[in-house]
Amino acid sequence: MYKLLFDLVFKKMDPEKAHHLAFFWIRLAASVPGLRQLVKAVLAPRDPALRTTALGLDLPGPFGLGAGFDKDGIGIDGLSMLGFDFVEIGTVTGEPQPGNPAPRLFRLIEDRALINRMGFNNQGSVRVAARLTGRIRATGTPIVGINIGKTKVVEEADATEDYLKSTRRLAPHADYLVVNVSSPNTPGLRNLQAVQILGPLLWDVRKAADEVTPHHVPLLVKIAPDLADEDIDEIADMALTLGLDGIIATNTTIGREGLATDAARVEEIGMGGLSGAPLKARSLEVLQRLRARTEGRLAIISVGGVETAEDAWQRIVHGADLVQGYSAFVYEGPFWMRRVHKGLSARLKASGYRTIADAVGTAKA
Ligand SMILES: Cc1cc2nc3c(=O)[nH]c(=O)nc-3n(C[C@H](O)[C@H](O)[C@H](O)COP(=O)(O)O)c2cc1C
């Protein structure tokens with residue numbers, strides 16, 4: 001059904017326009033009284049065994065939506081209605097910005113992949129915070145992570161102040177906060193992954209978050225798949241030293257290896273971050289490395305190329321407390337989360353573990 005819709009409608013449209021259209025429908029459906037509950041009853045996980053605890057949060061399941069789909073936090077209820085167990089909004093920057101010129105989102109259909117150079121198009125921390133202020137947060141309302149990044153025009157030397165601005169405004173509304181230093185589409189951003197810079201930045205964000213909230217807001221850092229293995233180890237060690245709550249691995253890659261799409265087409269698309277199936281192997285590798293280094297002392301959210309329940313299960317048994325997806329949602333449609341949850345339930349049952357949390361990191365290395 002979705003396959004047909006994708007082939008007949010979305011595939012023929014510009015990918016960014018298709019995104020806006022699909023997202024509009026999702027929000028519209030969620031705004032119709034009664035419909036949201038009905039759709040959620042069908043699509044959201046119903047197996048209580050999938051309930052899990054991570055980052056001190058109680059979640060209906062381990063499977064969430066990665067950052068970038070809902071940059072401004074305008075469709076949290078709609079996305080939760082479709083069955084995502086948590087929704088990460090953003091990246092939100094200190095100041096509003098338009099992002100890069102279009103076209104800036106491309107499909108690599110043969111590879112079940114996307115390339116994007118959106119460049120953090122978003123309404124900025126003031127507007128997003130104002131929008132979230134109206135949300136009532138209580139048991140049963142969607143878990144919301146907020147991902148923050150650097151405003152493009154802010155110099156690298158002033159990056160900390162920009163992150164702190166967003167932290168002060170957004171931390172009070174976040175179930176968890178993510179410092180994004182790994183998007184390839186903001187010049188210089190990934191230089192912030194160097195531990196000498198990242199350590200003080202995360203320390204300052206931690207302090208700023210504590211100043212504006214009476215409770216502990218879990219703080220995570222999101223890293224790139226293109227880091228060398230030694231850099232991943234260094235970041236893991238630093239995260240432990242700083243008392244960070246977790247790491248999200250990974251963002252999109254600047255690599256273009258092993259693609260089925262015609263090389264000339266890939267060349268023509270140009271710069272941007274590659275996501276989806278081609279990222280699967282490296283994302284799993286980074287997860288395994290992080291797990292080996294941190295041995296369960298940090299929460300890990302694994303993202304990158306997750307397409308099936310088996311992919312999600314593999315992430316869990318290799319050490320992911322939570323799993324996210326984005327690109328496969330574009331190709332698989334609104335029943336994707338239901339399929340992943342069903343498959344996870346079956347795998348959990350077959351494994352003999354009682355809960356998802358019990359299964360985390362149980363794979364033989
Ligand atoms: C169009 C698009 C926009 C994205 N925007 C962001 C973003 O703003 N911040 C971020 O941290 N990650 C962003 N991502 C990265 C995703 O959150 C995720 O880390 C990556 O796509 C790998 O997961 P996937 O293979 O399931 O798509 C974006 C990805 C896509 C495809």
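**Ligand shell and Ser 183**

Modeller: In this predicted model, a side-chain N or O atom of Ser 327 lies 2.6 Å from an oxygen atom of the ligand. Local features need pLDDT of at least 70 and side-chain atom pairs count only at pLDDT 80 or more, while totals for chains, interfaces and linings use all residues. Residues are numbered from 1 along each chain as its sequence is written, and side-chain values use heavy atoms, with hydrogens and water left out.

Colleague: What makes the pair of Ser 327 and the ligand a polar contact?

Modeller: A polar contact is a pair of N or O atoms within 3.5 Å (within protein, one must be able to donate a hydrogen and the other to accept it, and residues adjacent in sequence count only if both atoms are side-chain atoms). The Ser 327 pair, at 2.6 Å, therefore qualifies. A polar backbone atom of Gly 276 is 2.8 Å from a ligand oxygen, and a polar side-chain atom of Asn 147 is 3.0 Å from one.

Colleague: How many residues surround the ligand?

Modeller: The number is 25, with Ala 67, Thr 91, Gly 276, Gly 305 and Ser 327 the closest; near means a heavy atom within 4 Å.

Colleague: Why is Ser 183 called buried?

Modeller: Buried means under 20% relative accessible area, exposed over 50%, and partly exposed in between (1.4 Å probe, protein chains only). Ser 183 has 6% relative accessibility, so it counts as buried.

Colleague: Which UniProt annotation covers Ser 183?

Modeller: The unreviewed entry gives "active site"; such annotations may be inferred rather than shown by experiment.
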